[in-house]
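Hi,

Here is the structure I said I'd pass on. Have a look at it first, and my notes on what turned up are underneath.

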Amino acid sequence: MSGVAKRWFYNKRPKGDLESDTLALREVALAPLQPGEILVRTIYLSMDATNRIWLSEWDSYMPPIRIGDPMLGIMIGEVEESRNPAFPAGSLVSGIAPWSDRFVTDGAGFFPFPRFEGLDLADAFGVLMVAGPTAYHGLFEIGQPKPGETVVISAAAGAVGMLVGQLAKIQGCRAVGIAGSDEKCRWLTQEMGFDAAVNYRQGDLVEALRAATPNGIDVLFENVGGTCLDAGLTLMNNGGRVVICGLIASYNSTEPVPGPYMFRNMIMKRLKMEGFVILDHFDRYPEYQAKLAGWMREGKLKHRLHVVEGIDNALTALKLLYTGGNDGKVMVRMS
Ligand SMILES: NC(=O)c1ccc[n+]([C@@H]2O[C@H](COP(=O)([O-])OP(=O)(O)OC[C@H]3O[C@@H](n4cnc5c(N)ncnc54)[C@H](OP(=O)(O)O)[C@@H]3O)[C@@H](O)[C@H]2O)c1
């Protein structure tokens, strides 16, 4: 075997938002397989907000990508050729890999992606690989919502957020979303079963959220930070839990970001706040995926995929996350 692959590389550090020359697409030659190696054909590439953090100099949960290195992302692919018995040809493999239509690896850090009966591959990958386990872990392990409590979710119409609200409903809670357009808010209440949704781009967010949470907030599932986090903290009930899942409003910042003004409510309302990285909880994946897949099959857990076609459009796809241009989980169909 040998051949050529298309691959994205980190080209130039962006000043803030991702720019058209931040990444560059090039062709690379693939070497013949050595013993222990596999050739993978990427099928879907997951676009994750955290990809922007990997391009920064932040002291993060994993080493940053350096200029000149391949861009990395979470993918699913098919083993095209194998010299590694753990990954036979024709099997599905998942992991963090170069943004590439084909690549060679020794399999370290990769794992077989299970077949989920009754679920389409795109749905299984889109929900069960990142967003679903993140929603499940953050809500149930950290947020610990009790039936009757109110759960507020920011970036609620996105990949993680739409699932958190539905899981909160399954738990018997009131689910209130914060999203960036009236259309997204309508979709959350009419299609996803949220009890209420608030457009953060219109009017006074604190007052709109207050009206949507007549009993206050018990669990704040934070995906955004900034004004969303502040509005949520303002309305927390005594003993509430704040799940710090993401702070996407700050991922493109080049300046230090001020903390929340209502941080004092951590004391006044006796709150608990906890962040997490889902990659640390791989050991829980079989349990989380089984529960999530079950609800998907029963029609209790719906989702929306935003699939962008072709490796050439991967950078454009990633940018959607930071403008709210996406309608659901963004993935690139690579082949
Ligand atoms: N802790 C973990 O392990 C983990 C794992 C996965 C994801 N996450 C985090 O979860 C969050 C959501 O990720 P996702 O993959 O589900 O993406 P997503 O929600 O599908 O897309 C991101 C959404 O964030 C909203 N947004 C972007 N910039 C914003 C801003 N400045 N102010 C308010 N809203 C903004 C946009 O929605 P609107 O149109 O509503 O503005 C956009 O659609 C991210 O913060 C991500 O880092 C964390």
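Let's start with the ligand: 32 residues sit around it, and those that come nearest are Gly158, Ala159, Gly180, Gly246 and Gly324. Bear in mind that this is a predicted model. By class, the shell around the ligand breaks down into 19 nonpolar, 10 polar and 3 charged residues. Three helices, H2, H3 (159-170) and H9 (314-323), each put at least two residues into that shell. Domain 1 (3-113 + 304-333) and domain 2 (130-279) are both involved too, with at least three shell residues drawn from each.

On to the domains themselves. The domain assignment gives domain 1 as 3-113 + 304-333 and domain 2 as 130-279. Their centres, taken over C-alpha atoms, are 29 Å apart. Where they touch, 16 residues of domain 1 are in contact with 12 residues of domain 2. The domain 1 side of that contact is a mix of 5 nonpolar, 5 polar and 6 charged residues.

Then there's the core. The largest nonpolar core has 98 residues, and Ala156 and Phe221 have the most contacts inside it. Helix H2 (residues 121-143) is the top contributor, giving 10 residues. Since domain 1 (3-113 + 304-333) and domain 2 (130-279) both give residues to this core, it lies between them. If you want to trace Phe221, skip its neighbours within four places in sequence and you'll find contacts with Gly138, Leu139, Gly143, Val151, Val152, Ile153, Val164, Val243 and Cys245.

Helix H4 (residues 182-190) is a nice one to look at end-on. Its buried residues are Lys184, Cys185, Trp187 and Leu188. Seen down the axis of H4, these fall within an arc of 160°, so they line one face of the helix. What do the buried residues of H4 pack against? That would be H3, strand E9 (174-179) and strand E10 (196-199). The face of H4 turned away from the buried side carries Asp182, Glu183 and Gln190, which are exposed.

Two backbone angles may catch your eye. Most residues other than glycine have a negative phi. Gln144, though, has a positive phi, near 45°. Gln144 belongs to the loop between H2 and strand E8 (150-153), and with 14 other C-beta atoms within 10 Å it is partly exposed. Ala155 also has a positive phi near 45°. Ala155 is in the loop between E8 and H3, and it counts as buried, with 29 C-beta neighbours inside 10 Å.

Last, a couple of single residues. Met334 comes in the segment after strand E15 (329-333). Is Met334 buried or exposed? The cut-off for buried is 20 or more other C-beta atoms within 10 Å; Met334 has 21, so it is buried. Beyond its neighbours within four places in sequence, Met334 is in contact with Thr42, Ile43, Tyr44, Leu45, Asp101 and Ile311. Met334 and Asp120 are 214 residues apart in sequence, and 16 Å apart from C-alpha to C-alpha.

Pro214 is in the loop between helix H5 (205-212) and strand E11 (217-222). Pro214 counts as exposed, because it has 9 C-beta neighbours inside 10 Å. Thr150 is 64 residues from Pro214 along the chain, and their C-alpha atoms are separated by 9.2 Å.

Cheers

Conventions
Residues are numbered from 1 along each chain as its sequence is written. This is a predicted model: local features need pLDDT of at least 70, side-chain atom pairs count only at pLDDT 80 or more; totals for chains, interfaces and linings use all residues. A nonpolar core is a set of buried Ala, Val, Leu, Ile, Met, Phe, Trp, Tyr and Cys residues joined through C-beta atoms within 7 Å. A residue is buried if 20 or more other C-beta atoms lie within 10 Å of its own, exposed if 12 or fewer, and partly exposed in between; C-beta atoms are placed from the backbone. Helices (H or I, at least four residues) and strands (E, at least two) are DSSP runs, numbered from the N terminus. Domain bounds come from an automatic or database domain assignment. Two residues are in contact if their C-beta atoms, placed from the backbone, lie within 7 Å. Ala, Val, Leu, Ile, Met, Phe, Trp, Tyr, Cys and Pro count as nonpolar, Asp, Glu, Lys and Arg as charged, and the others, Gly among them, as polar. A residue is near a molecule or strand if its C-beta atom, placed from the backbone, lies within 6 Å of it. The arc is that of the directions from the helix axis to the C-beta atoms.
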